[in-house]
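Work through the exercises below with the sequence and the structure at hand. Each task is followed by a solution in steps.

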Amino acid sequence: MKSTQDNATFTAEPPASERNDRSNHRELPRCPTGIEGLDEITGGGLPLGRPTLIAGAAGCGKTVFATEFLVRGATRYGEPGIFVSFEERSEELARNVLSMGFDLNDFERRNLLVVDHIAIERSEIEETGEYDLEGLFIRIGHEIDRVGAKRVVLDTLESLFSGFESASILRAELRRLFRWLKDKGVTAVITGERGDRLITRQGLEEYVSDCVIVLDHRVDAQISTRRLRIVKYRGAAHGTNEYPFLIDEDGVTVVPITSAQLDHQVSSERVSTGVLALDEMMGGRGYYRGSSVLVSGAGGSGKTSLAASFANATCRRGERCLYFAFEESEAQLIRNMRSIGLELSPWIDRGLLRVHAARPSLTGLETHLATMQKLIRDHAPRAVILDPISNLIAAGTALDTRAMLLRLMDDMKRKGITAFVNDLTAGGAFHEASDIGISSLTDTWLLLRDIERRGERSHALYVLKSRGMKHSNQIREFLLSDEGVVLRKEAHTL
Amino acid sequence: MSTQHGEFWELRLYIAGGTTRSTSALSNLKQLCEKHLAGRHRIEVIDLGTKPELARQDQIVAIPTLVRKLPEPIRKIIGDLSNTERALVALEVRTEPTTT
């Protein structure tokens with residue numbers, strides 16, 4: 001009967017040909033944004049010649065994103081752009097551009113970036129009948145033709161809604177505007193205010209079918225984190241992941257979350273640990289280049305000394321090293337290491353060693369990750385030290401921290417950077433498990449444990465694992481002398 | 001009270017090509033002026049289709065837009081002026097208290 005018929009149509013699957021069509025959907029050509037990381041996660045940039053919507057609450061970075069899209073377009077790809085501003089005064093925009101190291105006036109003189117500020121004063125305008133926004137089209141169209149623009153930003157288009165009475169006229173005109181921009185062949189970025197139930201307050205996402213990006217600025221427990229999410233990208237396989245991003249003097253940096261692919265190049269080259277006896281224990285030649293090393297131990301057991309020894313050895317080879325100190329300041333680290341005969345300041349002076357000291361609790365985990373990746377990119381080190389990662393938990397949950405470290409380690413592996421990670425374990429208790437559970441991510445795991453002997457407390461070191469090499473199974477006594485770390489053989493007798 | 005009688009109305013109508021909305025705005029404006037501002041107005045029509053650069057210069061977004069340049073202050077009225085009453089109010093033209 002009727003109901004069975006309904007059921008039949010309900011369960012009907014689309015014909016196979018249609019399904020194939022959908023899966024074979026050709027990807028849209030891309031317009032590179034030049035924004036660090038964004039092109040990586042979008043598979044090359046924004047849909048070329050089409051409008052993209054960037055939505056977010058006030059202060060989340062929409063304008064900075066849009067501005068950088070134009071600045072990079074002009075400087076890196078030689079594509080002139082037009083910034084149509086419904087809100088921001090040109091002076092603020094000029095400041096944004098200047099902070100990225102460019103002069104907006106110079107851009108305007110050379111017709112590389114044109115700013116058109118559209119002021120709409122509701123109080124000055126009366127509506128007396130039918131109208132359209134042809135004036136806006138003509139205005140933008142004239143500028144596009146004048147400078148040969150390839151990129152257009154409309155920031156924030158929604159301001160138009162407060163300027164006009166008739167929302168229905170406006171909606172019809174916006175629909176026409178998006179179609180017209182597409183016909184013009186420009187890659188457009190339209191910004192919109194975040195709405196309560198809709199992505200944008202005025203539901204602009206309804207008109208943008210190709211690409212919608214949402215920006216977010218969250219503050220949890222007084223820790224601020226910026227995140228980006230691609231909610232729509234037609235014809236492209238995009239992750240639903242949230243990507244942390246940074247805004248600083250260089251503009252925007254989006255941190256790509258690398259899928260944990262294990263296809264990185266492996267090196268059989270060895271690098272010295274900086275401690276002769278430890279090199280011996282590691283098959284006589286030290287760590288593998290590009291591998292990851294984890295050192296676990298209680299407070300004061302000598303983790304930092306091992307890290308500094310490695311940093312010293314790296315710099316002695318003339319290679320750059322990046323040291324993230326989460327507990328000590330740079331000055332403290334230098335002073336403390338000097339007491340065991342490790343002189344780090346010459347390496348800093350020569351630009352080989354860079355120490356980045358920061359309290360993890362000051363910013364969110366994502367922001368940390370973003371900062372770290374940015375520093376890694378800037379300094380281009382061959383070795384990176386995180387001392388200690390356990391402090392990062394203060395900036396997030398253990399699960400978050402593990403995910404973040406996985407991403408970071410992955411990134412370093414791909415770059416062939418040797419990662420040296422210290423993990424502070426609780427109390428004097430013996431832990432063959434790392435607090436953050438990252439031991440499985442690392443190639444080499446060294447343990448420092450407390451030992452007591454004849455009323456004396458000292459430390460012992462042993463290699464718990466080291467993938468791909470014959471390593472010593474001995475437990476050595478770990479001592480700090482004026483000449484650095486010393487490993488004494490007798491420890492195994494304990 | 002009667003300051004208005006000495007005033008001159010300088011009006012500028014922005015249109016875009018010969019669309020029906022543009023032509024009806026112009027004819028509505030002419031009608032209105034002849035009736036209420038006879039002999040003390042001037043209408044200038046600007047077609048943005050031929051002078052697109054003026055859209056930016058004069059901050060025009062909607063079409064048609066009528067700008068009252070005089071008397072001051074400058075006022076902008078958008079739409080085809082089919083709503084005569086609103087247009088008169090917006091232009092601040094005081095109508096004679098006659099019944100016709």
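Helices (H or I, at least four residues) and strands (E, at least two) are DSSP runs, numbered from the N terminus. The model is predicted: local features need pLDDT of at least 70, side-chain atom pairs count only at pLDDT 80 or more, and totals for chains, interfaces and linings use all residues. Residues are numbered from 1 along each chain as its sequence is written, and chains are lettered from A and ligands numbered from 1 in the order in which they are written.

**Exercise 1.** Place A:T444 in its element and describe its surroundings.

Step 1. A:T444 belongs to strand β20 of chain A.

Step 2. A residue is buried if 20 or more other C-beta atoms lie within 10 Å of its own, exposed if 12 or fewer, and partly exposed in between, with C-beta atoms placed from the backbone. A:T444 has 24 other C-beta atoms within 10 Å, so A:T444 is buried.

Step 3. Two residues are in contact if their C-beta atoms, placed from the backbone, lie within 7 Å. Leaving aside neighbours within four places in sequence, the contacts of A:T444 include A:Y287, A:V293 and A:K465.

Step 4. A:Y287 is 157 residues from A:T444 in sequence, but the C-alpha to C-alpha distance is 7.9 Å.

**Exercise 2.** Describe the open sheet of 9 strands in chain A and the helices that pack on it.

Step 1. Two strands pair if DSSP finds at least two bridges between them. The order in the sheet is β17-β16-β18-β19-β15-β20-β21-β22-β23, with mixed pairing.

Step 2. β17 (353-357) and β23 (484-488) of chain A each have a single partner strand, so they stand at the edges, and one side of each is left without a neighbour in the sheet.

Step 3. Axes are lines fitted to C-alpha atoms, for helices over the stretch in contact, and angles run from 0 to 180 degrees between N-to-C directions. With direction ignored, neighbouring strands of this sheet are turned by 25 degrees against each other on average.

Step 4. β20 (residues 444-453) and β21 (residues 456-466) of chain A run antiparallel and are joined by 10 bridges. In β21(A), A:H459 is the bridge partner of A:D450.

Step 5. α11(A) packs on the sheet, and its direction makes about 165 degrees with that of β18(A). Helix α14 (residues 365-379) of chain A lies across β16, β17 and β18 of chain A, at about 155 degrees to β16(A).

**Exercise 3.** Which residues have the most contacts inside the largest nonpolar core?

Step 1. A nonpolar core is a set of buried Ala, Val, Leu, Ile, Met, Phe, Trp, Tyr and Cys residues joined through C-beta atoms within 7 Å. The largest one has 150 residues, and A:V152, A:A311 and A:I385 have the most contacts inside it.

Step 2. Helix α11 (residues 303-316) of chain A gives the most to this core, 7 residues.

Step 3. Domain bounds come from an automatic or database domain assignment. The core lies between domain 1 (27-254) and domain 2 (270-493) of chain A, because both give residues to it.

**Exercise 4.** How many residues does each chain give to the contact between chain A and chain B?

Step 1. Chain B gives 27 residues and chain A gives 21 residues.

Step 2. On the side of chain B that touches chain A, β4(B) gives the most, with 4 residues.

Step 3. Strand β6 (residues 125-127) of chain A and β4(B) run parallel, joined by 3 bridges. A:E127 has B:I78 as its bridge partner in β4(B).
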